Amino acid sequence: RYDIGNDYENYYDSITFLSGYDLSGVVPFLILEPSAIMLPILSVSFGFTSLTPEIVIGIYALLFFVMLYLVLEHYKTHSLGLLLLFILMILFQSWDWVKQGVSVMIVLYSIKYIEKRNPFRFVIVVLFGSLWHISAIFLLLLYPLRKLTFSSLTLTMFLFCIFFLTELGIFKFLYTAILQIVPLYNEVYENTKYSESEVDTTRTITFIILCVWYLW
């Protein structure tokens with residue numbers, strides 16, 4: 001699956017690059033890319049072998065499946081969970097994302113501690129998830145918001161409204177705002193194919209169909 005996506009290829013190259021350093025040598029990498037602490041740690045830890053990228057990505061894949069199993073086991077929904085894993089392309093996208101895929105599964109696992117009213121374990125699991133991708137830390141807000149409830153219909157209509165507003169271009173200003181406030185983000189992305197001025201993926205048929213499919 002080496003050619004499944006550009007992210008996957010970049011991770012492979014990054015792990016190969018990092019494997020040649022010790023932990024002190026990866027500090028500049030963490031300053032430039034602070035979102036994934038575990039990536040350089042694992043890359044350096046297994047730098048003694050020529051199979052470093054395969055081992056590190058294998059660890060990510062294994063942790064993804066372990067956490068997925070624990071989530072499905074907790075809710076006793078293996079059949080439906082595995083079906084959604086494939087038909088919603090979660091499995092295939094997680095192979096491309098690598099870091100985010102693991103983090104998402106860890107956060108899904110942490111939700112059971114919200115249900116059990118155990119804030120300590122919830123925080124510990126979310127912080128563990130943030131080591132694989134820093135975005136997980138924002139999910140700490142879920143605990144104080146746990147008492148909010150929405151019907152399925154209300155939530156679905158809300159998501160469709162967000163999707164509709166996205167198609168109208170209402171949220172395009174957010175991209176510019178993010179570039180201005182997030183350190184290094186502007187320098188990394190402003191002149192690349194990922195910049196808003198170069199491509200607008202939200203207007204493509206693929207994106208629209210995929211969003212409607214997810215929402216349904």
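**Exercise 1.** Which backbone oxygen does the side chain of threonine 16 reach? Determine also where threonine 16 is found and whether it is buried, exposed or partly exposed.

*Solution.* The structure is a predicted model.
1. Locate the residue: threonine 16 belongs to helix H1, which covers residues 6-18.
2. Follow its side chain: the backbone oxygen of tyrosine 12 is reached at 2.9 Å. A polar contact requires N or O atoms within 3.5 Å.
3. Classify its exposure: the relative accessible area of threonine 16 is 40%. Buried means under 20% and exposed means over 50%, so threonine 16 is partly exposed.
4. Relate sequence to space: valine 56 is 40 residues from threonine 16 in sequence, and the C-alpha to C-alpha separation is 10.0 Å.

**Exercise 2.** Describe the surroundings of lysine 112 and establish how far away the nearest side chain of opposite charge is.

*Solution.*
1. Place the residue: lysine 112 lies in helix H7, residues 99-115.
2. Assess its charge partner: lysine 112 is buried and has no salt bridge. Glutamate 115 carries the nearest side chain of opposite charge, 8.5 Å away, whereas a salt bridge requires a distance within 4 Å.
3. List its contacts: leaving aside residues up to four places away in sequence, lysine 112 touches His74 and Tyr75.

**Exercise 3.** Characterise the second largest pocket by its volume and identify which element gives the most to its lining.

*Solution.*
1. State the volume: the second largest pocket has about 830 Å³.
2. Examine the lining: 25 residues line this pocket, and those closest to its centre are Leu84, Leu88, Ile90, Leu108 and Tyr214.
3. Assign elements: those giving two or more residues to the lining include helix H4 (52-75), helix H5 (78-87) and H7. H7 gives the most, with five residues.

Definitions and conventions: Residues numbered from 1 in each chain as written. Predicted model: local features only at pLDDT ≥ 70, side-chain atom pairs only at ≥ 80, totals over all residues. Heavy atoms only, no water. Helix = DSSP H or I, 4+ residues; strand = E, 2+ residues; numbered from the N terminus. Buried < 20%, exposed > 50% of the residue type's maximum accessible area, 1.4 Å probe, protein only. Lys, Arg positive; Asp, Glu negative; His and termini not counted. Contact = heavy atoms within 4.5 Å. Polar contact = N/O pair within 3.5 Å; in protein donor to acceptor, adjacent residues only side chain to side chain. 1 Å grid on protein atoms, 1.4 Å probe; cavity = no way out; pocket = protein on both sides within 12 Å on 5 of 7 lines; lining within 4 Å. Points joined across faces, edges and corners; volume = space filled by probe spheres on them.
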